[in-house]
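Here's a quick briefing to read with the model open beside you. Pull up the structure and follow along, topic by topic.

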Amino acid sequence: MTHIWQAVDQDLETLRQAGQYKRLKNLTRPMGPDSTIEGAGDVIVLCSNDYLGLASDPEVTAAAIDAQKKWGAGTASVRFICGTFDYHRVLETQIADLSATEDATTYVSCWNANEAVLPTLMAAGGDSVMAISDELNHASIIDAIRLGRQINKSAQSKVYKHSDMEHLEQLLKDHASIRNKIVVTDGVFSMEGDIAKLDVVQRLCSEHGAMLIVDDSHGVGVCGPTGKGVAEHCGVHGKIDCLTGTLGKALGGAAGGYIASRKNLIDLMVQKSRPQLFSNALPAATAGAATKAIEILTRDNTRIEKLRENVHYIREGLKSRGFETVDGPSAITPILLGETSKAIAASKRLLELGVFVIGFGYPVVPEGTARLRVQISAAHEKHHLDRALDAFSKL
Ligand SMILES: Cc1ncc(COP(=O)(O)O)c(C=O)c1O
């Protein structure tokens, strides 16, 4: 056997030994407030990102089918060759409106959107560019900055302590001589469920001449009075230089990502960002689902209000059962358990009790802060939440 095959086997064995080997669970029914897992039976789902309950919504599903019937299975091309269709522009106009930006462009995932915007801007920044990133930012942002530094060897990066505004301000002051500063933060931090202090971050960026990029993947459709995201929650909607987000969570749950910003930034992404230049465009069914999801979100507040009631109900229920939870505007409630083995055991036991919730441990979260991450949807009814709470009581 060649060495690399041995390395593959060894790496897998290391994961098994460390209890970090992930066994994929096979769902045999569509995503919803409950589902069925092969080998485990019916479960209440408390770990999906289907915050507005649109992933298997009949209107969204019908829109996806209609789009596919009209446009076919796919684009068979990247955007700039012959892969740009009417439905892309319809969706991108909707996203720009939702984000209060001049324009938007789409990618097959938000991972790709982040890997488009950061490296492209870090390359554009030439010999005086620095990305400044919150320490708990999503892996796609971390990797995108690494890639940006590979592409432009002069580019620098710094990390500020999680949501520590004094640290961010200090970094901005310390690097005043760097012409092109980019501050990047998640809107909602996916493992903590807390939100960025976007009002302060936006003010600091504006005072220090830095561009602000916010990845609002977990915030859009969830936070803010009308679900426009964390910027709306923090009173700075329309003031963020650049937003990225996913279409795979609240906005229909299918797939896809976007960048929303000024016209010229979007144009630069279309001209130069490699995940769009060298990868197929968003297929019709996926875009059709997202377009309908955004239409439902902007039609009225029914789902957002139901989601908020559900989040409040589960948090109060968990608290009254002695669990420590953190309040906040997101739909994510982490329950800190400390040791990774504890979180894994708790999630295993909950599955036996008919509740699907994931335990996260090191290296996904820092050592000693292993947790269960509870995610709530507008699709949950009280009886789903009560069944889940009964299971937590038995833990
Ligand atoms: C903050 C954040 N950004 C980006 C992504 C990636 O999104 P996508 O699944 O569209 O690639 C995620 C998904 O987990 C996320 O939580």
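Let's start with strand E9 (residues 257-261), which is mostly covered: five of its five residues are buried. Keep in mind as you look around that this is a predicted model. From E9 we'll move to the chain as a whole, then to its domains, a small sheet and a helix.

**Strand E9 and its partners**
- Gly257, Ile259 and Ser261 point one way from E9, while Tyr258 and Ala260 point the other way, and all of them are buried.
- E9 pairs with strand E3 (residues 103-107) in the antiparallel sense, over five bridges.
- If you want a spot to zoom in on in that pairing, Thr105 stands opposite Ile259 in E9.
- E9 also pairs with strand E8 (residues 242-246), again in the antiparallel sense and over five bridges.
- On that side, take Thr246: its bridge partner in E9 is Gly257.

**The chain as a whole**
- You'll find 15 helices and 13 strands in the chain.
- The radius of gyration is 21 Å, close to the 21 Å that the globule rule gives for 395 residues, so the chain is as compact as a globular protein of that length.
- Taken along the principal axes, the C-alpha atoms fill a box of roughly 60 × 55 × 50 Å.
- Of the 395 residues, 49% count as buried.
- Take the contacts between residues at least 6 apart in sequence: 74% of them join residues at least 24 apart.

**Two domains and where they touch**
- The chain is divided into domain 1, which covers 22-51 + 301-394, and domain 2, which covers 58-299.
- The C-alpha centres of the two domains lie 27 Å apart.
- How many residues of domain 1 are in contact with domain 2? There are 19, and they meet 19 residues of domain 2.
- On the domain 1 side, the elements that give two or more residues are helix H13 (302-320) and E10.
- E10 gives the most to that side of domain 1, with three residues.
- By type, the domain 1 residues on the touching side divide into twelve nonpolar, five polar and two charged.

**The three-stranded sheet with E10**
- E10 also belongs to an open sheet of three strands, with the order E10-E13-E12 and antiparallel pairing.
- Why is one side of E10 and of E12 left without a neighbour in the sheet? Strand E10 (332-338) and strand E12 (358-360) stand at the edges and each has a single partner strand, so one side of each stays free of a neighbour there.
- Neighbouring strands in this sheet are turned by 30 degrees against each other on average, ignoring direction.
- Six bridges join E10 to strand E13 (residues 370-375), and the two run antiparallel.
- One pair to check by eye is Ile332 and its bridge partner in E13, Gln375.
- Helix H14 (residues 340-352) packs on the sheet and touches E10, E12 and E13.
- The direction of H14 makes about 35 degrees with that of E13.

**Glu352, a residue of H14**
- Glu352 has its place in helix H14.
- Is Glu352 buried or exposed? Glu352 is exposed, with 11 other C-beta atoms within 10 Å, and the cut-off for exposed is 12 or fewer.
- For a sense of distance, Glu352 and Met130 are 222 residues apart in sequence and 48 Å apart in space, C-alpha to C-alpha.

Methods
Residues numbered from 1 in each chain as written. Predicted model: local features only at pLDDT ≥ 70, side-chain atom pairs only at ≥ 80, totals over all residues. Pairing = 2+ DSSP bridges. Helix = DSSP H or I, 4+ residues; strand = E, 2+ residues; numbered from the N terminus. Axes fitted to C-alpha atoms, helices over the stretch in contact; angles between N-to-C directions. Contact = placed C-beta atoms within 7 Å. Domains from an automatic or database assignment. Nonpolar A, V, L, I, M, F, W, Y, C, P; charged D, E, K, R; others polar. Buried ≥ 20, exposed ≤ 12 C-beta atoms within 10 Å, placed from the backbone. Rg over C-alpha atoms; globule rule 2.2 N^0.38 Å.
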